[in-house]
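Let's work through a few short exercises together. Have the sequence and the model open side by side as you go.

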Amino acid sequence: MLGFTLFGMLLLSTLMAIFSRKFSFLGQRPDDYEATGPAFDLRTHLSGPIQCEGMIYGPTGKVTSRFVADMDVKWNGNVGVMREDFLYDSGERQQRQWTLTVGNDGAIRAEAPDVIGVGIGMQKGSAVQLKYRIKLPESSGGHELDTVDWMYLVENGTIMNRSQFRKYGIKVAELVATMRKKEAA
């Protein structure tokens, strides 16, 4: 009986892992959004001064941090530099500078000082996917996390961002944020 119970638990775990991989956040592919609109082009929609607000959820689903960020993105052809200045609810500030390169096929290369190696992604239809490995600041534990970002363009030009952070394949945090162009002063 114990063998049957262990076998059943193993089978259930395997089925849950397959289901999660195929039908969850990680199951999305850029091609899933190819026929959707409005068409998301980083060079157009992620350009100039941008206001961002968001929350970070811990592994239990509770909000662990809130933030606002000022971003500024300048493009020279297919290469853009995005400067981010985050202010967290703890009072901590964080700055990051990305270099983004968009290929004619929609492929994306992303580099930043706290990104290990080069992030890769794709823009298709109304969505952008970006995958990279990030090293958190020492104040946040200094962990290296596998990250998947999904950004979705909505009809009014707002970008909705959902990111998951994993360590050893286990989700340890999730980020949800909005990004929109700042109003002219």
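The exercises below use a predicted model and go from the overall layout to the strands and then to the pocket.

**Exercise 1. Work out the order of the secondary structure elements along the chain.**

Solution. Start with the tally: the chain has two helices and 10 strands. Next, read from the N terminus: the order is α-α-β-β-β-β-β-β-β-β-β-β. Finally, look at burial: 37% of the 185 residues count as buried, where buried means under 20% relative accessible area.

**Exercise 2. Trace how β2 pairs with β1 and with β3.**

Solution. Begin with β1 and β2, which are antiparallel and share 10 bridges. Within this pairing, Ile 56 faces Ser 65 of β2. Five residues link the two strands in their hairpin, and Gly 61 has a positive phi near 95 degrees there. Then move on to β2 and β3, also joined by 10 bridges and antiparallel. Here Asn 76 is opposite Val 79 of β3. This hairpin has two residues between its strands, and Gly 77 adopts a positive phi near 70 degrees.

**Exercise 3. Describe the largest pocket and its lining.**

Solution. First, take the volume, about 930 Å³. Second, find the lining: it comprises 45 residues, with Ile 56, Tyr 88, Leu 136, Phe 165 and Leu 175 nearest the centre. Third, sort the lining by chemistry, which gives 27 nonpolar, 10 polar and eight charged residues. Last, see where the lining comes from: among the strands that each give at least two residues are β1 (48-57), β4 (93-102) and β10 (170-181).

Note on methods
Residues are numbered from 1 along each chain as its sequence is written. This is a predicted model: local features need pLDDT of at least 70, side-chain atom pairs count only at pLDDT 80 or more; totals for chains, interfaces and linings use all residues. Side-chain values use heavy atoms; hydrogens and water are left out. On a 1 Å grid over the protein atoms alone, a cavity is a set of points where a 1.4 Å probe fits but cannot get out, and a pocket is an open set with protein on both sides within 12 Å along at least five of seven lines; lining residues have an atom within 4 Å of a point. Grid points are joined across faces, edges and corners, and a volume is the space filled by probe spheres set on the points. Helices (H or I, at least four residues) and strands (E, at least two) are DSSP runs, numbered from the N terminus. Ala, Val, Leu, Ile, Met, Phe, Trp, Tyr, Cys and Pro count as nonpolar, Asp, Glu, Lys and Arg as charged, and the others, Gly among them, as polar. Buried means under 20% relative accessible area, exposed over 50%, partly exposed in between (1.4 Å probe, protein chains only). Two strands pair if DSSP finds at least two bridges between them.
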